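Opened the notebook to look up one helix and some charged pairs. My entries are below.

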Amino acid sequence: MSDKKIKLGFPGNEREIDNSFPEGAPPAWGVDAKLDVVGKDHTRLDARLKVTGKALYSYDRRFPGMLFARMLRCPHGAARVGAVNTTRASALPGVVFVEAELGKRIRYAGEAVAGIAAESEEILDDALAMIDIEYEVLPHVVTVDDSRLADAPRVGRDPNVSAYRPSGKMERVEAAHKEADVVIEREYRTQVQTHSCLETHGSVSVFKDGKLTTYGSTQGTFAFRGSLARALKMAPADVTVITEHMGGGFGSKFGADAWDIFCARVARETGRPCRAMLDRREEHMIAGMRPDSIQQCKFSVNKDGTLMGASVESWGTAGTSGRGAGVYNPGIYSFRAKAQKSWGVATNSGRGRAFRAPRHPQGVFALEGMMDELAEAIGMDPLAFRKQNDKHPVRLAQYDVGAKEIGWDRRKKSGSAAGTVKRGIGMASARWPHTGRPGSAVRCRVGKDGSVVVANGAQDIGTGTRTVLAILTAEELGLKPQQIRVEMGNTNDPPGPASGGSTTTPTLTPPTRAAAVAAKRQLLQAVADQLGGDAKKMDLKGGKVVGAAEPITFAQACAMMHGDVIETLGRGDRELFRGRDRYASEVAGVQFAEVEVDTATGGVRVIKVVGVHDCGRVVNTLTTRSQINGGIIQGVSYALFENRALDRGTGDMLNADFVSYKIAGSMDTPEIVAIPFSVANGITPSGVSSLGEPATVPTAAAIGNAVANAIGVRVRSLPITPDKVLEALGKIR
Amino acid sequence: MKNFSYLQPKTFAEASAALQGAHSVAKGAGTDLLDLLKKRIVEPDAVVSLLPVKDEEKQGEISALATLQDLATDEWVKLEFPALRTAADEAATPQVRNVGTVGGNLGQASRCWYLRTPGHACIKLGDKQCAAGAERAENRYHGLFASGGCHCANPSNLAPALIAVKARAACVHPDGDRVMDIELLYDGVKPGRMSDLALRKGELIRSVLLEPSPLARNSVYVEFRERQSFDFAIVSVAAAADIRDGVVKEIRIVCGGVAPTPYRAVAAERALTGKRLDPDAGAKAAVAGATALSGNRFKIPVLAELVRRALKEIAG
Amino acid sequence: MPDDRLEVSRRDVLRGAGVAAFLGAVSPALGQEGKAAAKGVRTLGPEAVTFELGVNGKRTRLSVEPRVTLLDALRDRIGMTGTKRACDHGACGACTVMVDGKTVNSCLMLAVDAAGREVRTIEGLEQDGKLHPMQDAFIEHDAVQCGFCTPGMIMSCTALVESNGSPTDEQIRDAVRGNLCRCGTYPHVFEACRTASTGMKGTGK
């Protein structure tokens, strides 16, 4: 039943619009929606499998006669492959498949030169060591600074530096600067960050009767299927991708990669199942990274706090191609004039891939640092300065929530703390588009036995999507989430989105609800057929049918259905994603960080982070807090520790492990207060929106601002390592 | 890794004899060796495991096969050699501490990423240059006091602490056993020798000999890491002092992470002996002679600060 | 005299410019010199070695080359894939199991070193369909996201509370400092460990 009006917003900031969703759409949830299941803590449906070790990841799939495949990779930053001798390797008993790319032009250390498949990992390891390759080593360049030099070696066929993504008009910005009271020019830098998923990339492929089943570690089962089918020249219908569980992607795992395709080819040609998984070294070097950035920022402001002009010129590398290294800057705040110019800089290094909020953490680090510097220049409190220049009603409310939780009024004047170990507080904001999109479908099957099974072919990458689908279905059917079985990760099930852009939950919510609503209607009609009465006046709540001639349970209602099963397909139709009055077409978030800096050693510790995040309507408060925690911890790690170290002499990666490539561990984790901030946004009937990425966008920026507040000088380069702190403090002679 | 024959000697003498063969290496728990084997930096034909070796425990001795966790929880060590206890406790992770041996910790290979990433110039591996010394090298984690042209940083937690408390090592070799100051076991970098220990071929440390003393009882170990969870120290300092009536009778300051071997700040020790303990003076003297590389200049103030803090603690 | 206790032959290390040859022997046997030196010492391999060990209380027979790690033996030979391989070099803890009651990185332990010992893996915590209190706590507190680090995390936490029924927050953090999580479950892991410890008071091994 659709109501005629919907109340949007959040408590204290509400307004009403007409319900413009089509008749028959799932009921629209306004601010005052009374929901039984949605919006509460629920444990994950797949938690039991994971805590018992029974969850099967791609890495865990085993089959009789399975082969193991790996690639041999070039260690040089640039080279041409000369003679390749695979004789000894091929002759090794147990080696089943050897293939080399002769004459290949290598453009980054780690690029594949040969592929081998063998009957055991040990034989594979021996065989790889037996391949003799002659390389003609060529000049390489591995840093942006080096690549921009006039005499830098060419990385690819195009010039190393290529301009793209201009936006705004520099002339308008310059005009604003001329008028402004204060103009500040600064250079900010961020580093290359590798995804560091705990499960590396890879897959297991099995051919049977000409059809392929691949168990892939992927964030996009359908994308994986499509790329495999194309590469193998097979019909997509003959390829099934199964990803029941996967060990992290963060943007790096979508389509099938070269080793997946090689693995599938081995399986096809040998008739044996084959597994190809990267090792940790390969994972760091060739499976993706977040591009770095050099951002020349020129911002201006008036003494009364009005933001004037903002221009950003940025350079960054996404590896060998020149493209993909932009930054999201300037954004969020209301400048009179903005402009941006970006250059992609090619380097001989492993290529970039989308990494949790691509471009945002980089750009926001610079943006929020500049905002603090502007505030300082005009003697204004950074929080008040932001509030003055941010029109977003959600964020304005979030500022107050976050400021109270961190204790913003404890914040001292920058650098004024006494003692060697100084504390500071900083803040930063995030915005993210609502990325739910039409095109998905969800199947709901209610059995005569009272069972409920919901299915979608997309993947749960660890965000808790399965449980979201169960919660939404349970809400419609008056059940508990544990009573719903959810099947995900098999491309034979209805189509779903790739998990990129924080899109999975907002995309799957409308079709899930539609399927459940349709199933409910059919079930209630069956009850009406049996007991009499008007099905339209009945509902399912608390495990029972309400409004029927007799009080009956859900199970009793199911027993009344005509066939053995009610099966519905809920579609994510376009109309369900276009709330006519878009209260908020984006989600808002703010984070506050408190740090402690040892000014004698340069050591930084993050003490506490408060994250206040809107993701539209919060479906599962428990897993939402987990997402916010996760985004913040990745942000801490990005702010303080991570950095891909490539040797400028050889072009090889020096820290392709988890010892010297440092991701945050338990002792580095701050106290985190994760505050989901529910907003009824009217974009879809439920208003469920995006979370995964915005949760990591502002963290490093907030930490950078907190460090500056602590020590009174600013480190404008990530990661904020002890050497940079000591340098900023003038302690390195 | 390359496959190998696996030997299980019953005594240190048997193990040392077995190691006289070419292409053989000793293994304690293997927490460092397996990394090198997997990377094929070391490719022995035979691995001689010390795990089956049973040695009688003597008073005043800690078996080289004692684990870091054993050391971290030993009451006698905690009382008489507090620096050693702290060094063991701060090390690595519980999983490594549970099995990692004292001998293995002393003998572990440098963490230098040029050594551990095949294909880079390394004096210990027989090359003429040290890749870390280049102007454009990635050397933020390297040392301040080179040895034999090598710039790496000694990674052992225990070594600085043991040297600070004047520990000795009982070593076993077919040509004759001997007892040596642990300090003298580190004789600097030798071309083509990956190990930092001046041991004869197949020679094994069987135990560490400790003698309680006022110096050892007043010992401290401090460490500075980038990441708190699991990291090798950027700089570590073990300091021990025998102070009578406010005057330093004897003092030892041994630093890790700043040289290929544990670095005894002899100049600082001399400057402090016979006077009231002045942490600032000690810190200043400790960094005299430090030569930074292109990327690790920050280690100098860090070293100074850690020495200062360690000295402040033992000053009482 | 140069020490060659850890002897590395130049030819075995991949070099940069010019010809790069990476050679390695396949089935090494001890040379004459080696045989003489090793006379009398128990020698296993290099062919597969057969031995028994306890896995979750069950006597299990393994036949593997000396170079096979306990991790690979568990996952690929015995088929217990709950323990994960994530870095294979002892830095992330995803491979954590207990050997004789103590947590170890199974990727840094040779399988043959587990002979005659008792190995406990994640699969061994559940008893007769009933979850271990730590597993329940992990579910309750959502200390799981992608789940790949989870088995190792749980083993480390379980080892802690079995030896220390009321750990401090600092001790909990220290117990899992060798277990990396990229999804960021740490705060909920701490909570789960706290809950499980109060539930497990007095159940120390």
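These are my notes on the helix and then on the salt bridges.

This is a predicted model, so I kept its limits in mind: local features need pLDDT of at least 70, side-chain atom pairs count only at pLDDT 80 or more, and totals for chains, interfaces and linings use all residues. Residues are numbered from 1 along each chain as its sequence is written, chains are lettered from A in the order in which they are written, and side-chain values use heavy atoms, with hydrogens and water left out.

**Helix α15(A).** I looked up residues 621–640 of chain A. Helices here are DSSP runs (H or I, at least four residues), strands likewise (E, at least two). I found 19 of the 20 residues buried, so the rest of the structure largely encloses α15(A). Buried means under 20% relative accessible area, exposed over 50%, partly exposed in between (1.4 Å probe, protein chains only). At its start, a side-chain oxygen of Asn620(A) comes within 3.0 Å of the backbone nitrogen of Leu622(A).

**Salt bridges.** I searched the whole structure and got 99 over all chains, counting a side-chain nitrogen of Lys or Arg within 4 Å of a carboxyl oxygen of Asp or Glu. Glu405(A) pairs with Lys608(A), closest N and O atoms 3.6 Å apart. Glu405(A) sits in helix α11 and Lys608(A) in strand β29, 203 residues apart. Glu405(A) is partly exposed at 32%, while Lys608(A) is buried at 14%.

In chain B, I noted Glu203(B) with Arg178(B) at 2.7 Å. Glu203(B) is buried at 0%; Arg178(B) is partly exposed at 28%.

Technical notes:
Expected span 1.5 Å × (residues − 1). Polar contact = N/O pair within 3.5 Å; in protein donor to acceptor, adjacent residues only side chain to side chain.
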